[in-house]
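Here is a walk through one protein model, written for someone new to reading structures. Keep the 3D view open and follow along.

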Amino acid sequence: MLGGTGKTGRRLVDTLRGRGEDVRVATRSSGTRFDWSDQDTWAATVAGASALYLVAPQEPESAEVFVKQATEAGVHRFVALSGREIDKFPRDLLGMAAAERAVRDSGAEWTIIRSNNFNQNFDDPQIWLAPLREGRLALPIGDTPEPFIDTQDIADVAAAALTEDGHHEQVYTLSGPRALTFGAAVAAIAKVSGRSIRYEELTPEQYRGELLAQEVSEEATAELNALFAVMREGLYAEPCDDVQRVLGRAPIDFDTYVARAVSAWR
């Protein structure tokens, strides 16, 4: 399993092991070391594996080479994590599109999971946790709603696709059960945490200025603004029912997530 310590991967590891499955975690710091930039680490990752959870590399050219090596080593089933409306996203997510193409062309069984933004982005120190703790989340998203998806739902769907039949050549779009604006999401976090936290709408120019003031590079700033431009179009604002279809239950609601994660913001 690639990304076995990430937001989706670590939950998938727990889910699979809870079912009694044999799981090999492959990361830069795990017992089985894996590094996208070091092809010498790839062989040990796929040796003896029958199914693989693929978290795409940033460099798109790596995906095809890795998937080919994995199939030659005996991997016959792939579950690839991707993003909703991936074809319309900026170039920093081209690795996901390349991973989708690679597993489709592999000759192996494949399932693609295209997800909305994660609930857990709000408690991720590398994304929105720090500004929320400081009392202000400011983004250029407008009033476009988002049906945020919980990473446990992604893990449960991925586990089903990895271990059960019937998911070959399926592209699942995973969202939460309802769409809410970023302002409403922040208000829910503030209410449950008991803290004064507000959402502030920025123009793309204001957002760029704030990122540059934080010493974010020009390239990364442009890519983030391009990402929010796609989100403002509302291309994935509508909830989807694939979690229900695969798991036979409703996806985890945002309020449930907030109640479970409240200690992060306190």
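To sort residues by class, count Ala, Val, Leu, Ile, Met, Phe, Trp, Tyr, Cys and Pro as nonpolar, Asp, Glu, Lys and Arg as charged, and the others, Gly among them, as polar. This is a predicted model, where local features need pLDDT of at least 70 and side-chain atom pairs count only at pLDDT 80 or more, while totals for chains, interfaces and linings use all residues. Residues are numbered from 1 along each chain as its sequence is written, and side-chain values use heavy atoms, with hydrogens and water left out.

## The sheet

Let's begin with strands. Helices (H or I, at least four residues) and strands (E, at least two) are DSSP runs, numbered from the N terminus. Two strands pair if DSSP finds at least two bridges between them. In general, strands of a sheet pair through backbone hydrogen bonds, either parallel or antiparallel.

Here, four strands form an open sheet in the order β3-β4-β5-β7, and the pairing is parallel. At the edges sit β3 and β7 (170-174), each pairing on one side only. From one strand to the next, the twist averages 20 degrees. For angles, axes are lines fitted to C-alpha atoms (for helices, over the stretch in contact), and values run from 0 to 180 degrees between N-to-C directions.

Helix α6 packs on this sheet and touches β3, β4 (77-83), β5 and β7. Contact here means heavy atoms within 4.5 Å. The direction of α6 makes about 155 degrees with that of β4.

Now zoom in on the pairs. β3 and β4 run parallel and are joined by five bridges, with Leu 54 standing opposite Ala 80 in β4. β5 and β7 also pair in the parallel sense, over five bridges, and Ile 113 has Tyr 172 in β7 as its bridge partner.

Is β4 enclosed or open to the outside? Seven of its seven residues are buried, so β4 is largely enclosed by the rest of the structure. Buried means under 20% relative accessible area, exposed means over 50%, and partly exposed is in between (1.4 Å probe, protein chains only). Both faces of β4 are covered, with Arg 77, Val 79, Leu 81 and Gly 83 on one side and Phe 78, Ala 80 and Ser 82 on the other.

## Four residues to click on

Here are four residues with their places and accessibilities.

| Residue | Place | Relative accessibility |
|---|---|---|
| Glu 85 | loop between β4 and α4 | 27%, partly exposed |
| Glu 100 | helix α4 (94-104) | 4%, buried |
| Gln 120 | loop between β5 (109-115) and α5 (129-133) | 6%, buried |
| Glu 215 | loop between α8 (204-213) and α9 (218-232) | 74%, exposed |

What does Glu 100 touch, leaving aside its neighbours within four places in sequence? Its contacts are Ser 82, Ile 86, Ile 112 and Arg 114. Glu 100 and Leu 54 are 46 residues apart along the chain, and their C-alpha atoms are separated by 9.6 Å.

Gln 120 has its own set of partners. Again leaving aside neighbours within four places in sequence, Gln 120 is in contact with Lys 7, Arg 11, Ile 149, Asp 150, Thr 151 and Tyr 257.

Two of the glutamates deserve a look at their backbone. Glu 85 has a phi near 55 degrees, a positive value in a residue other than glycine. Glu 215 isn't a glycine either, yet its phi is positive at about 65 degrees.

## Empty space

Rolling a probe the size of a water molecule over the atoms shows where empty space is left. On a 1 Å grid over the protein atoms alone, a cavity is a set of points where a 1.4 Å probe fits but cannot get out, and a pocket is an open set with protein on both sides within 12 Å along at least five of seven lines; lining residues have an atom within 4 Å of a point. Grid points are joined across faces, edges and corners, and a volume is the space filled by probe spheres set on the points.

How many cavities of 30 Å³ or more does a search of the whole structure find? One turns up. The largest cavity holds about 40 Å³ of space. Around it are Ile 141, Thr 144, Pro 145, Glu 146, Met 231, Gly 234, Tyr 236 and Ala 237, a lining of five nonpolar, two polar and one charged residues.

Then there's the second largest pocket, with a volume of about 380 Å³. Its lining has 15 residues, and Asp 22, Val 23, Arg 24, Ser 50 and Ala 51 lie nearest its centre. The elements giving two or more residues to this lining are β3 (51-55) and α6 (151-163), and the largest share, three residues, comes from β3. By class, the lining of this pocket divides into eight nonpolar, four polar and three charged residues.
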